[in-house]
Amino acid sequence: QVQLVESGGGLVQAGDSLRLSCAASGRTFSISRLGWFRQAPGKERELVARIDRSGDSTYYADSVKGRFTISRDNAKITMYLQMNSLKPEDTAVYYCAAAAANLRVYDYWGQGTQVTVSS
(Lines give C-alpha, C1' and ligand atoms only; values in the text may rest on other atoms or scores of the structure.)
Protein backbone atom coordinates (compact mmCIF):
# COMPACT_ATOMS: atom_id res chain seq x y z
CA GLN A 1 0.00 0.00 0.00
CA VAL A 2 0.96 3.60 -0.59
CA GLN A 3 -0.23 6.50 1.50
CA LEU A 4 -0.44 10.00 0.04
CA VAL A 5 -0.92 13.19 2.03
CA GLU A 6 -1.47 16.56 0.36
CA SER A 7 -0.80 19.95 1.91
CA GLY A 8 -0.51 23.56 0.87
CA GLY A 9 -4.02 24.48 -0.15
CA GLY A 10 -5.72 27.66 0.93
CA LEU A 11 -7.58 30.81 0.01
CA VAL A 12 -5.78 33.24 -2.30
CA GLN A 13 -6.62 36.07 -4.65
CA ALA A 14 -6.49 35.91 -8.42
CA GLY A 15 -2.92 36.30 -9.63
CA ASP A 16 -1.40 34.82 -6.48
CA SER A 17 0.67 31.65 -6.21
CA LEU A 18 0.44 28.49 -4.15
CA ARG A 19 2.58 25.38 -3.88
CA LEU A 20 0.94 22.07 -3.15
CA SER A 21 2.91 19.16 -1.73
CA CYS A 22 2.16 15.45 -1.76
CA ALA A 23 4.14 13.25 0.61
CA ALA A 24 4.21 9.54 -0.16
CA SER A 25 4.91 6.70 2.26
CA GLY A 26 4.60 2.94 2.34
CA ARG A 27 5.51 0.87 -0.72
CA THR A 28 6.76 3.89 -2.63
CA PHE A 29 9.13 1.78 -4.73
CA SER A 30 6.05 0.57 -6.60
CA ILE A 31 5.11 4.05 -7.79
CA SER A 32 5.73 4.60 -11.50
CA ARG A 33 3.78 7.80 -12.04
CA LEU A 34 2.36 10.58 -9.87
CA GLY A 35 -0.38 12.96 -10.81
CA TRP A 36 -2.37 15.95 -9.60
CA PHE A 37 -6.10 15.94 -10.19
CA ARG A 38 -8.74 18.48 -9.27
CA GLN A 39 -12.48 18.50 -8.90
CA ALA A 40 -14.58 21.62 -8.79
CA PRO A 41 -18.16 21.62 -7.49
CA GLY A 42 -20.52 20.14 -10.06
CA LYS A 43 -17.69 19.14 -12.37
CA GLU A 44 -15.89 15.93 -13.13
CA ARG A 45 -12.47 15.24 -11.74
CA GLU A 46 -9.75 16.19 -14.20
CA LEU A 47 -6.06 15.48 -14.56
CA VAL A 48 -4.08 18.67 -14.05
CA ALA A 49 -0.52 17.40 -14.38
CA ARG A 50 1.48 14.24 -14.06
CA ILE A 51 5.13 13.23 -13.77
CA ASP A 52 6.83 9.90 -14.30
CA ARG A 53 9.24 8.23 -11.91
CA SER A 54 12.34 9.62 -13.53
CA GLY A 55 10.94 13.12 -13.53
CA ASP A 56 11.82 13.48 -17.22
CA SER A 57 8.31 13.03 -18.58
CA THR A 58 5.55 15.44 -17.64
CA TYR A 59 2.08 16.32 -18.86
CA TYR A 60 -0.09 19.38 -18.27
CA ALA A 61 -3.69 20.07 -19.03
CA ASP A 62 -4.09 22.91 -21.51
CA SER A 63 -5.85 24.99 -18.89
CA VAL A 64 -2.74 25.16 -16.68
CA LYS A 65 0.13 25.09 -19.18
CA GLY A 66 2.57 27.90 -18.56
CA ARG A 67 1.15 28.58 -15.09
CA PHE A 68 1.61 25.33 -13.16
CA THR A 69 4.79 23.30 -12.72
CA ILE A 70 4.93 19.75 -11.43
CA SER A 71 8.07 18.34 -9.84
CA ARG A 72 9.17 15.55 -7.57
CA ASP A 73 11.91 15.00 -5.03
CA ASN A 74 12.66 11.30 -5.05
CA ALA A 75 14.90 11.59 -2.00
CA LYS A 76 12.01 13.03 0.02
CA ILE A 77 9.43 10.97 -1.87
CA THR A 78 7.43 14.13 -2.34
CA MET A 79 5.68 15.67 -5.32
CA TYR A 80 4.95 19.35 -5.77
CA LEU A 81 2.62 21.49 -7.82
CA GLN A 82 3.71 25.10 -8.14
CA MET A 83 0.69 27.13 -9.17
CA ASN A 84 1.25 30.67 -10.43
CA SER A 85 -1.12 33.28 -11.82
CA LEU A 86 -4.06 31.56 -10.20
CA LYS A 87 -7.51 32.18 -11.58
CA PRO A 88 -10.94 31.77 -9.97
CA GLU A 89 -11.56 28.83 -12.29
CA ASP A 90 -8.67 27.02 -10.60
CA THR A 91 -10.83 26.74 -7.49
CA ALA A 92 -11.23 23.04 -6.67
CA VAL A 93 -10.20 20.24 -4.37
CA TYR A 94 -6.80 19.06 -5.52
CA TYR A 95 -5.83 15.41 -5.14
CA CYS A 96 -2.54 13.68 -5.65
CA ALA A 97 -2.56 10.16 -6.99
CA ALA A 98 -0.06 7.42 -7.71
CA ALA A 99 0.03 4.79 -10.42
CA ALA A 100 1.89 1.54 -9.94
CA ALA A 101 2.01 -1.23 -12.54
CA ASN A 102 -0.39 0.35 -15.04
CA LEU A 103 0.56 3.92 -15.93
CA ARG A 104 -3.02 4.66 -16.91
CA VAL A 105 -4.54 3.52 -13.63
CA TYR A 106 -4.06 5.55 -10.47
CA ASP A 107 -4.21 3.05 -7.64
CA TYR A 108 -3.68 5.34 -4.68
CA TRP A 109 -5.22 8.69 -3.76
CA GLY A 110 -4.73 11.35 -1.16
CA GLN A 111 -7.54 12.93 0.82
CA GLY A 112 -7.45 16.19 -1.12
CA THR A 113 -6.67 19.81 -0.30
CA GLN A 114 -8.94 22.77 -1.03
CA VAL A 115 -7.72 25.60 -3.23
CA THR A 116 -9.96 28.64 -3.45
CA VAL A 117 -9.11 31.59 -5.68
CA SER A 118 -11.13 34.75 -5.19
CA SER A 119 -11.58 37.34 -7.92
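# Exercises on a predicted model

In this predicted model, strands E3 and E8 run antiparallel and are joined by 6 bridges.

## Exercise 1. The open sheet

Task: Determine which strand order the open sheet of 4 strands has, and where E1 and E7 stand.

Solution.
- Step 1. The pairing of E3 with E8 runs antiparallel. Within it, Ala-23 has Thr-78 in E8 as its bridge partner.
- Step 2. The order of the open sheet is E1-E3-E8-E7, and its pairing is antiparallel.
- Step 3. E1 and E7 each have a single partner strand, so they stand at the edges and one side of each is left without a neighbour in the sheet.
- Step 4. From one strand to the next, the twist averages 15°.

## Exercise 2. The disulfide

Task: Identify which cysteines form the disulfide, and state which strands they lie in.

Solution.
- Step 1. The count is 1 disulfide. Its members are Cys-22 and Cys-96, with sulfur atoms 2.1 Å apart; the cut-off is 2.5 Å.
- Step 2. Cys-22 belongs to strand E3 (residues 18–26) and Cys-96 to strand E9 (residues 92–99), so the disulfide ties together parts 74 residues apart in sequence.
- Step 3. The link of Cys-22 and Cys-96 is right-handed, with 60° about the S-S bond.
- Step 4. Buried means under 20% relative accessible area. Cys-22 has 2% relative accessibility and is therefore buried. Cys-96 has a relative accessible area of 0% and is therefore buried.

## Exercise 3. Salt bridges of Asp-52

Task: State which residues form salt bridges with Asp-52, and whether Arg-50 is buried or exposed.

Solution.
- Step 1. Side chains of opposite charge can pair when their charged atoms come close. The count for this model is 6 salt bridges.
- Step 2. One of the partners is Arg-33, whose closest N and O atoms with Asp-52 are 2.6 Å apart. Arg-33 lies in strand E4 (residues 33–39) and Asp-52 in strand E5 (residues 46–52), a separation of 19 residues that links distant parts of the chain.
- Step 3. Arg-50 also forms a salt bridge with Asp-52, at 3.9 Å from N to O; the cut-off is 4 Å.
- Step 4. Arg-33 and Asp-52 are both buried. Arg-50 has a relative accessible area of 18%, so it is buried.
- Step 5. Arg-50 lies in strand E5. Beyond its neighbours within four places in sequence, its contacts include Arg-33, Tyr-59, Ile-70 and Tyr-106.

## Exercise 4. A network of salt bridges

Task: Name which residues are linked with Arg-38 in a network of salt bridges, and classify Glu-46 and Arg-38 by accessibility.

Solution.
- Step 1. The network links Arg-38, Glu-46, Arg-67 and Asp-90.
- Step 2. Within the network, Glu-46 and Arg-38 meet through their side chains at 2.6 Å, N to O.
- Step 3. Glu-46 has 32% relative accessibility and therefore counts as partly exposed. Arg-38 has 5% relative accessibility and therefore counts as buried.

## Exercise 5. The largest nonpolar core

Task: State which residues of the largest nonpolar core touch the most other members, and which elements give two or more residues to this core.

Solution.
- Step 1. The core holds 30 residues, of which Trp-36, Leu-81, Met-83 and Tyr-94 touch the most other members.
- Step 2. The elements that give two or more residues to the core are E1 (2–7), E3, E4, E5, E7 (68–73), E8 (78–83), E9 and E11 (113–118).

Definitions and conventions:
Residues numbered from 1 in each chain as written. Predicted model: local features only at pLDDT ≥ 70, side-chain atom pairs only at ≥ 80, totals over all residues. Heavy atoms only, no water. Buried < 20%, exposed > 50% of the residue type's maximum accessible area, 1.4 Å probe, protein only. Contact = heavy atoms within 4.5 Å. Core = buried A, V, L, I, M, F, W, Y, C linked by side-chain atoms within 4.5 Å. Pairing = 2+ DSSP bridges. Axes fitted to C-alpha atoms, helices over the stretch in contact; angles between N-to-C directions.
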